[in-house]
Amino acid sequence: MQNSFIARNPSVLWFLAALGLFTFGVTILSEATGLGLISTSFVKTLGKTLCLCLIAIAMDVVWGYCGILSLGHFAFFGIGGYAIGMWLMYARTETIVLESLAGQNIPATPQEISDAIGNQIFGVVGSSDFPAIWAFADSLVLQLAMVVLMPGLLALVFGWLAFRSRVTGVYLSILTQAMTLALSLYLFQNDSGLRGNNGLSGLQNIPGFEATPQATISIIFFLASAFALGAGYLFFAWVISGKMGSVVQGIRDNEARVRFLGYQVESYKLFIFTITAIVSGIAGALYYPQAGIINPGEIAPIASIYLAVWVAIGGRGRLYGAVIGAAFVSLLSSWFTGGGAPNVNLGFYTIQWTDWWLVLLGLSFVVVTLYFPKGIGGLFDYLVRKPS
Amino acid sequence: MRILLSAFVFMFCAMAASAQDLQSLLQDNADDIAKPSRNSIGVVLDQMVATGLPQVPAFLEQWSDKNVWQDDITGTFFMATEADDTLTLTDIDTGAETTVPSDGFTQLKPNGGVRRVIGTALVQFQLIDPDTTRRAAALESIARRPEASQLAPLMASLEGETDPALLARKQNLITILSARFAEDPADRIAAIEALAEETSVETRAVLNQILATKPGVATDLPDANIAAQHDPMTGPDGYYAALVAADLATPLTTPDDIRAAMEANIIDGRVGGVPTAQLDTDAARARAYATLAAAGTVPPLVGIPERDNALNTHVFFDTYTEDDPAITTAARNALDQVETAVALAQTVDLGLDALSLASIYFLAAIGLAITFGVMGVINMAHGEFIMMGAYTGYVIQLFVPDYTIAIIIALPTAFAITFAAGVTMERLVIRHLYHRPLETLLATFGISIALQQLAKNIFGTQARPLTSPAWLDGAWIISDVIQISYIRIAIFIMALFFLALILFILKRTRLGLEVRAVTQNPGMAASMGINPDRINMLTFGLGSGIAGIAGVAIGLYAKVTSEMGADYIVQSFMTVVVGGVGNVWGTLAGASLIGGLQKGIEWFNPSNTLAAQTYMILFIILFIQFRPKGIVALKGRAAAD
């Protein structure tokens, strides 16, 4: 079975090989484990990019294969980040509080410890009580379960409501956008229990590994992200290659026809929507410890739209296209906005790329949509002629 | 007999005073006049007023304005104006003027407190002053600082009042003053009942003042006008704090107190016999504290049982500062009545707010609805067309200084510019993407981010003003509760105008007929000789043009930034989705629903607009469940995707 799956999908092997090679190369060149040619911050950037590639392939499955243009997948990404961030922040604050209390004559009661942690975490929003959603924050296992469960449940409920009443096409896109907007607005409130617009911070410090240098932590997260991307790629490639994949793509091409053939279109869509949401949550949980901070601005509608942009530029309907798009556009974007690109002096006007990059991105996006609907990934079609 | 005698003496004095001129009265009280104090001045003022001399008001005014001077030698008082070391003296009684050097005269400078007392005495003269503006000013000063003494002169002045507005104001003030200060409780109750008819802030303030309470605590309920009695268990900590503040209880022993006691009493690593290492539970600490308390080293523990015990042996109540229960009852009833009326008025006000918000959403969304309805194209750059319209208004105001003319120019210019932009976009991009609605969405989104960044590059990131003409400033005030700004009325009228215009275009013109034909069935329309390309182009231009006009309207009352379009785009989408596609009335219904809903939720929780938006979006997500195609759904073949 496995053999024939690989045989039918040679691109999976190629991709995994490329990913492995890339990971190996970065590990060799990084500060912690090798020659030190790649700085720690760049390793983090690469690790984050891998997480973005992971959510991009999820987006590709839900949009490119199932035809649901979700403009809300970053909400799931953010929920995953918040779920792991709660544990990271709680555990780290607990360590700090215990240290500061250790020197006292009288040992602290559990209540005092909890109050001190609450004060540390919620002081910025003028509160010190733990909201109910922090009930499991002291347990890594439970919060890891939340990383999977929360996005999954939200996607399940939302998808069930939406697909059941046959909301499709543009309507569904707007609705998913409304969902992520509602979530980010909710989190922006100080009494949401997640520190309002301050978000969760200090996530790059892993509790229990205070002595470990960031260089090592960054490479570990990089490897974990690479592994997650590889596993996610394999999983999605498997999902879309079988009979189920054919049905899903059938739904994309003509939903009514698939329904008339007797398939439960809603169930398939709900499955794809939920499973991609869970993968997005996992991607978020890997991303934010590398980013160090998460706030509600991260899940604003614009983020999910950029996700669609990456997938579109990379090429929809092929998983490696999504990876290429996410990696290419996000790295290019940070190169341009970070001042990496040289300014162009036109004599009468100097083009500063920090100002003009978004204009360029917007216009090139229009051009790609108009003239290269297959995106960058479409270029591979010229290299590999599939036997028809 | 003695009373009679004293009354006789008083009358005699008064007669004697009236027989005098003002100067001699002043001389009799020369010390009080020259160095007045707030407490002693009242008697002198009463005497002056009692003379009924016509020169008294003028003198009081000059005195208050520090224009009264005293001759150092003779002690005579003059009204005087000073100029270059000379004084123009005016005799207080005769009005004769003389000019003398200012040496040898001392200016009287009554302090603020005294001037206020003088002002109060002056009020009765001002109330019958022939000048209406001065009468009005006197009334306002009474309204600002109501006092019992003003009631009598106010009533006396009622008779000669000729100005109907001032007469009404006087009667109104008399009611307010009698409600608070009238001697006879029956008069007060009558006045309070009269107040129940009004909803002004002033009335409510008066009633609330009568109903002012102060909290009290005692072992037994005192014999007073009790407003309410409280059950201390509803908020034990707060009530216990009141008990402590009244010195009727000792403060609770807090965990911090216990901890401090532990730290202060560590002996050989033990506290009260308990090893410190074991003090990490509340139970162990309680044990240690009990031992310490028994030994007398720390005050006895005041915990929850002690607190509850203390609370149960006391009564907590509010007493009215007003002693008469009949009056407070009347005031309570009146206030209830007033508050019902106010709540009603607030509902009306909320309705107006919702209407104004709905008209903004309608303006922002109608263009989107038209393009979506006719072409099935979602234009994500619609918000940026709104922004373009607003910036057009801003740029025109830079060149045209007269705001009225600027707005008149800006509206058609904004329409023209965004119409052109819309047509260009349709020709260059959207035309190639028909039948691929999701990709149109993305392509227009690309245009949207490019336009937004472009605006940022040109105009900068800070907000630009789009000033409304002066005649649109201010608000239409219907009552203290119901008011609406003229800009919002103007936007409402504009929305109505565009509703009518669009309905006219769609239902009464050739273009509208063709647009409706293309909406229903493009293929059939084409075979009837309609050019769908041209219709699509014009429709898209029209929708974009209206967005430009909406931008000018929105810019007038909100700030103009490069991101303003993004602020409205989601709401516009909601409006279109909720209202249903391709129908003007649907958009109207959607805008009303969303505007009303947003204001309604904000009313429940006014401090938190973020929560209001969150709940509204949740509501819309649920709403779509029940009417997936919006309020006004197309039926039949036109509804096919």
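## Predicted two-chain model: sheet, core and interface

In chain B, B:H230 stands opposite B:F316, a residue of strand β10(B). The structure is a predicted model, and this pair offers an entry to the sheet that contains it.

Four bridges join β7(B) to β10 (residues 315-320) of chain B, and these strands run antiparallel. They belong to an open sheet of three strands in chain B, ordered β6-β10-β7, with antiparallel pairing. Because β6 (213-218) and β7 (226-230) of chain B each have a single partner strand, they stand at the edges, and one side of each is left without a neighbour in the sheet. From one strand to the next, the twist averages 25 degrees. As general background, strands of a sheet pair through backbone hydrogen bonds, in either a parallel or an antiparallel manner.

B:F316 also appears among the contacts of B:A242. Setting aside residues up to four places away in sequence, B:A242 touches B:P215, B:V217 and B:F316. B:A242 itself lies in helix α12 (residues 236-245) of chain B. Is B:A242 buried or exposed? Neither term applies in full: B:A242 is partly exposed, because 19 other C-beta atoms lie within 10 Å, whereas a buried residue requires 20 or more. B:A242 is separated from B:T575 by 333 residues in sequence and by 52 Å in space, C-alpha to C-alpha.

Two residues of chain B call for attention on account of their backbone geometry. B:K66 is not a glycine, yet has a positive phi of about 60 degrees. B:D247, likewise not a glycine, has a positive phi of about 60 degrees. The table gives the location of each residue and the number of other C-beta atoms around it.

| Residue | Loop in chain B | C-beta atoms within 10 Å |
|---|---|---|
| B:K66 | between α5 (56-64) and β1 (68-71) | 12 C-beta atoms |
| B:D247 | between α12 and α13 (255-264) | 7 C-beta atoms |

B:K66 counts as exposed because it has 12 C-beta neighbours inside 10 Å, and the limit for an exposed residue is 12 or fewer. B:D247 is exposed as well, with 7 other C-beta atoms within 10 Å.

The domain assignment divides chain B into domain 1 (2-118), domain 2 (127-212), domain 3 (253-301) and domain 4 (344-568). Between the C-alpha centres of domain 2 and domain 3 of chain B the distance is 65 Å.

The nonpolar interior is described next. The largest nonpolar core has 215 residues, of which A:A56, A:I57, A:L307 and A:A308 touch the most other members. Apart from its neighbours within four places in sequence, A:A56 is in contact with A:L307, A:W310, A:V311, A:A322, A:V323, A:G325 and A:A326. A second, separate core comprises 49 residues, including B:L25, B:A80, B:I92 and B:L207. In soluble globular proteins, nonpolar side chains tend to be buried together.

The chains also meet at an interface. Here 40 residues of chain A are in contact with 44 residues of chain B. On the side of chain A that touches chain B, the elements giving two or more residues are α7 (169-188), α12 (301-314) and α14 (353-371) of chain A. Of these, α7(A) gives the most, with 14 residues. By residue class, this side of chain A divides into 28 nonpolar, 10 polar and two charged residues.

Note on methods:
Residues numbered from 1 in each chain as written. Chains lettered and ligands numbered in written order. Predicted model: local features only at pLDDT ≥ 70, side-chain atom pairs only at ≥ 80, totals over all residues. Contact = placed C-beta atoms within 7 Å. Nonpolar A, V, L, I, M, F, W, Y, C, P; charged D, E, K, R; others polar. Core = buried A, V, L, I, M, F, W, Y, C linked by C-beta atoms within 7 Å. Pairing = 2+ DSSP bridges. Axes fitted to C-alpha atoms, helices over the stretch in contact; angles between N-to-C directions. Domains from an automatic or database assignment.
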